[in-house]
Every structure is written in C-alpha cells, then in structure tokens.
Amino acid sequence: QVQVVESGGGLVQAGGSLRLSCAASGSIFSINAMGWYRQAPGKQRELVATITNIGSTNYVDSVKGRFTISREYAKKTVYLQMNNLKPEDTAVYYCNADVYSSLGLRNYWGKGTLVTVSS
C-alpha cells in the first residue's frame, strides 16, 4: 500500500518562510511527477507547483519567485520552500504523486498540512 504524508505546516507572519515536506512510502517501483496543491477556505483546490521525474518544474503565477519545489529521489520526498509568505497563501497544502507500484500507476493524495499566514 502506498502512503503520501505531508509535514511542515504551521503559523507564520507575513514575509516569513516555511518548508513543507512530503514523503511517499510503501511498495513503490518508481514515482513520476510530484506536486503541491492548496485549498483556501471557500475556494477550489489549485495547483501550486509540480516537478517531474527529470526535474522539470511548473508554478502557478502567484507563487513564482517566492516558492521553490524540489525532490530527493532516493528518499521519495518532495519539498516546497515558501518564502515571503503572504496572507493569501493561507490554505491547506496537499501533496500529490503519480506512483508506479504493484498496483500499477496510480495518483495519490496526502491528507494535507495547514499553512496560516498572519498579517
């Protein structure tokens, strides 16, 4: 069974930084793309950043220049370094991964980690 678990959320003042981590575990053969999504209260879930298995990255415009996504392939982990945080970044952040396991290629979500940015 594959699990995807986020960590690193919390409360931070505007202008501060946080680093989110997400680790995939289980009987994993390989992982394709990994990414971070977020959902603010009353809003739809939106893509924040993704990174492919060859390191290509993609960001939503609102976080470009402030957030950086990276991976440690051996640890099956993806990170999201968030700098110069703004109150509008407040949301539950979810990790997503395309995992190839004994069950085939499937998409997995974590349960989310809350990021709160105070003004």
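## A buried arginine

R38 has a relative accessibility of 6%, so this arginine counts as buried, the cut-off being under 20%. That value, like the others in this report, comes from a predicted model. R38 is a good place to begin a tour of the charged pairs here, since two of the salt bridges described below involve it.

One partner of R38 is E46, and the closest N and O atoms of this salt bridge lie 2.7 Å apart. E46 is partly exposed, because its relative accessibility of 32% falls between the limits of 20% and 50%. So within this one pair, the arginine is buried while the glutamate is partly exposed.

## From R38 to D89

The other partner to look at is D89, whose salt bridge with R38 has its closest N and O atoms 3.0 Å apart. This contact ties together distant parts of the chain: R38 belongs to strand β4 (residues 28–39), whereas D89 sits in the loop between β8 (77–82) and β9 (91–101), and 51 residues separate the two. Here both side of the pair, D89 and R38, are buried.

If you follow these contacts in the viewer, you will find that they are part of a network of salt bridges, which links R38, E46, R66 and D89.

## Salt bridges across the structure

How many salt bridges does a search of the whole structure find? The search returns 5. Among them is the pair of K64 and D61, whose side chains meet with an N to O distance of 2.9 Å. D61 has a relative accessible area of 60%, so this aspartate is exposed, being over the 50% limit. For contrast, recall that D89, the aspartate paired with R38, is buried.

## The disulfide

Searching the whole structure for disulfides gives 1. It joins C22 to C95, with an S to S distance of 2.0 Å. The pair links distant parts of the chain, with C22 in strand β3 (residues 18–25) and C95 in strand β9, 73 residues apart.

Which hand does this disulfide have? The torsion about the S-S bond of C22 and C95 is about -80°, and therefore the disulfide is left-handed. As for its surroundings, C22 is buried, with a relative accessible area of 0%, and C95 also counts as buried at 0%.

Technical notes. Residues numbered from 1 in each chain as written. Predicted model: local features only at pLDDT ≥ 70, side-chain atom pairs only at ≥ 80, totals over all residues. Heavy atoms only, no water. Salt bridge = Lys/Arg side-chain N within 4 Å of Asp/Glu carboxyl O. Buried < 20%, exposed > 50% of the residue type's maximum accessible area, 1.4 Å probe, protein only. Helix = DSSP H or I, 4+ residues; strand = E, 2+ residues; numbered from the N terminus. Disulfide = S-S within 2.5 Å.
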